[in-house]
Amino acid sequence: MQNDNFQDHYPDELSYCYGCGRHNEHGLQLKSSWDGDETVALFQPKPYHIAVPGYVYGGLLASLIDCHGTGTASAAAYRNEGRAMDTAPPLRFVTASLQVDYLRPTPLGGPLEIRGKISELKGRKVVVNVTVSADGEVCVQGKVIAVQMPEHMAAKMDAIEPESK
Ligand SMILES: CCCCCCCCCCCCCC(=O)SCCNC(=O)CCNC(=O)[C@H](O)C(C)(C)COP(=O)(O)OP(=O)(O)OC[C@H]1O[C@@H](n2cnc3c(N)ncnc32)[C@H](O)[C@@H]1OP(=O)(O)O
């Protein structure tokens with residue numbers, strides 16, 4: 001596995017996301033990277049990330065799928081263009097659709113493994129299938145449809161002072 005995290009290449013102004021922003025001290029700070037043609041992230045839930053006692057909260061699991069999916073989409077788009085992630089023009093993706101299926105309860109204990117597979121990359125859209133496993137068993141599967149951020153959204157974001165992002 002390469003130790004080159006996608007989120008470390010996000011520009012500062014896009015690094016406040018609750019799920020994956022490295023500058024969000026209250027957030028999850030998910031880190032994703034390539035593993036061959038798949039992507040992978042590890043996340044250690046805290047004892048307070050609880051649903052039913054002993055099991056991980058489903059909303060947290062959805063967040064992990066969401067941010068791993070959008071990170072994977074961005075990395076895939078750069079790879080498709082044969083470019084490094086910190087090169088211009090930026091390829092910024094947001095979630096258009098997030099689908100999550102909880103297959104079995106996710107035990108709260110060791111680290112979770114989040115894996116992404118790109119199923120479609122076309123135009124401004126990337127579709128990523130994501131699984132979350134605990135102890136080697138898939139507990140949750142999801143699908144993220146990520147779409148490149150429209151110009152008007154990027155323009156508005158660029159106009160906001162960093163402190164208020
Ligand atoms: C260095 C790297 C930088 C990376 C930075 C990353 C940022 C990190 C931030 C972390 C983020 C963390 C995650 C977060 O929290 S992101 C925050 C949550 N997400 C949002 O707020 C997004 C809100 N929605 C929108 O802005 C628009 O609706 C978007 C931009 C998504 C699409 O509106 P737009 O007008 O632009 O789209 P289009 O009509 O041209 O369609 C384009 C294609 O997309 C397909 N489609 C559209 N919608 C849907 C849908 N609901 N289901 C299925 N498919 C959909 C559509 O069919 C078409 O496909 P095709 O027909 O061509 O096949």
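The following exercises, with worked solutions, concern a predicted model and its sheet, backbone and ligand shell.

Residues are numbered from 1 along each chain as its sequence is written. Because the model is predicted, local features need pLDDT of at least 70 and side-chain atom pairs count only at pLDDT 80 or more, whereas totals for chains, interfaces and linings use all residues.

**Exercise 1. The sheet**

Determine in which order the strands form the sheet, and which strands stand at the edges.

Solution.
- Step 1. Strands are DSSP runs of E with at least two residues, helices are runs of H or I with at least four, and both are numbered from the N terminus.
- Step 2. Two strands pair if DSSP finds at least two bridges between them.
- Step 3. The six strands form an open, antiparallel sheet in the order S1-S2-S4-S5-S6-S3.
- Step 4. S1 and S3 each have a single partner strand, so they stand at the edges and one side of each lacks a neighbour in the sheet.
- Step 5. As an example of pairing, S2 (residues 38–43) and S4 (residues 112–122) are joined in the antiparallel sense by five bridges. Alanine 41 has isoleucine 114 in S4 as its bridge partner.

**Exercise 2. Backbone exceptions**

State where glutamine 29 and aspartate 135 lie, and whether each is buried, partly exposed or exposed.

Solution.
- Step 1. Most residues other than glycine have a negative phi, and most peptide bonds are trans.
- Step 2. Glutamine 29 is not a glycine, yet has a positive phi of about 50 degrees. Its place is in the segment before strand S1 (32–35).
- Step 3. A residue is buried if 20 or more other C-beta atoms, placed from the backbone, lie within 10 Å of its own, exposed if 12 or fewer do, and partly exposed in between. Glutamine 29 has 19 and is therefore partly exposed.
- Step 4. Aspartate 135 also has a positive phi of about 50 degrees, and lies in the loop between strand S5 (125–134) and S6. With 12 C-beta neighbours inside 10 Å, aspartate 135 is exposed.
- Step 5. The peptide bond from alanine 88 to proline 89 is cis, with omega near 0 degrees. Proline 89 is in the loop between H1 and S3.

**Exercise 3. The ligand shell**

Identify which element supplies the largest share of the shell around the ligand.

Solution.
- Step 1. The ligand is surrounded by 26 residues, and the closest are Cys17, Val94, Ala96, Ser97 and Val147. Membership requires a C-beta atom, placed from the backbone, within 6 Å.
- Step 2. Helix H1 (58–80), strand S3 (93–102) and strand S6 (137–148) each supply at least two shell residues.
- Step 3. S3 gives the largest share, five residues.
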